[in-house]
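Hello,

Here is the structure we talked about. Please have a look, then read my notes below.

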Amino acid sequence: MAKRKNNTSSSNATGAALGYEAELWKMADALRGSMDAAEYKHVVLGLIFLKYISDAFEEQHAKLEAERAQGADPEDPDEYRAENIFWVPPEARWAHLKAQAKQPTIGQLVDDAMAGIERDNPALKGVLPKDYARPALDKTRLGQLIDLISNIKVGDAEARAKDVLGRVYEYFLSQFASAEGKKGGEFYTPRCVVKLLVEMLEPYRGRVYDPCCGSSGMFVQSMEFIRAHANGNGNGGKAKADISIYGQESNYTTWRLAKMNLAIRGIEGQIAHGDTFHNDRFPDLKADFILANPPFNVSDWGGERLRDDKRWKYGVPPVGNANFAWVQHIVHHLAPLGVAGFVLANGSMSSQQSGEGEIRKNLIEADLVDCMVALPGQLFYSTQIPACLWFLARDKKNGRFRDRRGQVLFIDARKMGRMVDRTHRELTDEDIKKIADTYHAWRGTVGAGLVPAHHGATVTYCDIPGFCKSATLDDIRKHSYVLTPGRYVGAAEQEDDGEPFEEKMKRLVAQLREQQAEAARLDTAIEANLEALGFGSESS
């Protein structure tokens, strides 16, 4: 279910392409032919991954070759593993594949390369695609694709420092999500949405869990967050990647993408394959942070077989919609001081169908709901269904934060963001900062050593009409437990432009008279042209 920038720096790079990824995608997509995007995705991303580990290997190989006189052995796998570089056996090295790219056996050679890498690197066992030899895959196009990918460095030290592969990989994921439509969106969350969740929750340390992790975007962004805020975060001046990652994904091919996505960044995590509802692979996990983008409004989740499940503490979710099954699964896995942020369809904030309203009421009365954010439309590739963010907190009196028991923060961000193309919108870095800073100010985390000083947020929170409102449980009860932010934040205040009423009316009336005169002049001109063409009013 995740989006990203390339290696060109920008202060506002939450998702739009900024460099050569777009050109690379255009060329790669041209080689797709009639192949389905969902199938082609694994062909391309598998090759890009292979190029990455081969680049890193070749750079280290050249270094060891130069150090032979000092006893270095370029063909010793341990020389690579000691540097956190994957060992690449001879049959899997990119130079070998590139030399054979025009041969009809290239598909089998790529399969052999993938098998060799999995054999020699246990962390990748069962992860890499190995179906390049199948007859349906055009070997001429495959060779052309290898030639194309040969032209980019994605795995040497410079490229790794700029996260070139991660950026190309994620850009391609976003494009495939767009090409696949609804199917693609099942595992892809736009980068700006992931970034907002991470900036609000700040998962610096502890256990981080995503029960429907898709291609692992939440985890990647969490690690990026830690690296981006490496100073002044209350962690002795240095941010340590002191987090444990747990994820589960039901789609096998998406699970493979997730494993690759983490592997290319050297992120270790326990990513399990299986149905989260029916085969919870982490039944005893209590997470400090949960981030998720569950698929919206799933009707075939098998709820009829789970009517007595222990996770449904706040009400049995309807068989026809998994939204509140996800919510309660998340609550079930929260640690005593845990916090969660996740995406849901807007209907979850107000639905009264099949007992959903009662479950929502019970969650609110249990004081679990911490914050609700209404998102702008057109953020997602897969759906036009409006979405929102839910934030839950087990303990609102957590000593690290301001005591917010009996209160919920509502943020209406529907008017935020910018269009990046005709159909898709993204939240800018400034939008994300404004929302996250508002939440941190409300929670009292700003200035408490938990939020970096350079965030620039003020410690004092105040309601802003049309944008944010700290509501009490009594306020929410009066609204029948509906959590739509628009009901609480009210309308934005209109700024007084300082122009006296009498003067403004004279100016506006004068403008109106000018426009009426211009309209009359245009009507006369049009009538004259019609007369000249023989279509005047008298001729009719």
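**Strand β7 and its neighbours**

Strand β6 (residues 369–374) and β7 run antiparallel and are joined by 5 bridges. One pairing to look up is Val373, whose bridge partner in β7 is Leu389. Keep in mind that this is a predicted model.

β7 also pairs with strand β5 (residues 334–345). Those two strands run antiparallel as well, with 7 bridges between them. Here Leu344 has Cys388 of β7 as its bridge partner.

How many residues of strand β7 are buried? The count is 7 of the 7, over residues 387–393, so the strand is largely enclosed by the rest of the structure. Its side chains split two ways. Ala387, Leu389, Phe391 and Ala393 point one way. Cys388, Trp390 and Leu392 point the other way. Both sets are buried.

**Strand β4**

β5 is joined to β4 too, by 5 bridges, and these two run parallel. Phe289 stands opposite Val339 in β5. Strand β1 (residues 205–210) also runs parallel to β4, with 2 bridges joining them. In that pair, Tyr209 stands opposite Ile290 of β4. Of the 6 residues of β4, 5 are buried, so β4 is largely enclosed by the rest of the structure.

**A charged patch**

Now to the surface. Lys286, Lys310, Lys313 and Arg394 form a positive surface patch. Lys286 sits in the loop between β3 (270–273) and β4 (287–292). Is Lys286 buried or partly exposed? Its relative accessibility is 33%, so Lys286 counts as partly exposed.

**A buried glutamate**

Glu356 belongs to helix α14 (residues 356–365). Its relative accessibility is 5%. Glu356 therefore counts as buried, the cut-off being under 20%. Asn323 lies 33 residues away from Glu356 along the chain. Their C-alpha atoms are separated by 8.9 Å.

**The chain overall**

The chain has 18 helices and 11 strands. It has 540 residues, and 54% of them count as buried. The exposed area of the chain is about 24,000 Å². Carbon and sulfur atoms supply 50% of that area.

If you open the model, I would begin with β7 and its bridges to β5 and β6. Then go on to β4, which is joined to β5 and β1. The patch with Lys286 can come last.

Best wishes

Methods. Residues are numbered from 1 along each chain as its sequence is written. This is a predicted model: local features need pLDDT of at least 70, side-chain atom pairs count only at pLDDT 80 or more; totals for chains, interfaces and linings use all residues. Side-chain values use heavy atoms; hydrogens and water are left out. Patches are made of residues with over 30% relative accessible area and no salt bridge: like charges are joined within 9 Å, nonpolar side chains (Val, Leu, Ile, Met, Phe, Trp, Tyr) within 5 Å. Accessible areas come from the Shrake-Rupley method with a 1.4 Å probe; for residues, only the protein chains shown count as cover. A salt bridge is a side-chain nitrogen of Lys or Arg within 4 Å of a carboxyl oxygen of Asp or Glu. Lys and Arg count as positive and Asp and Glu as negative; His and the chain ends are not counted. The place of a charge is taken as NZ of Lys, CZ of Arg, CG of Asp or CD of Glu. Helices (H or I, at least four residues) and strands (E, at least two) are DSSP runs, numbered from the N terminus. Buried means under 20% relative accessible area, exposed over 50%, partly exposed in between (1.4 Å probe, protein chains only). Two strands pair if DSSP finds at least two bridges between them.
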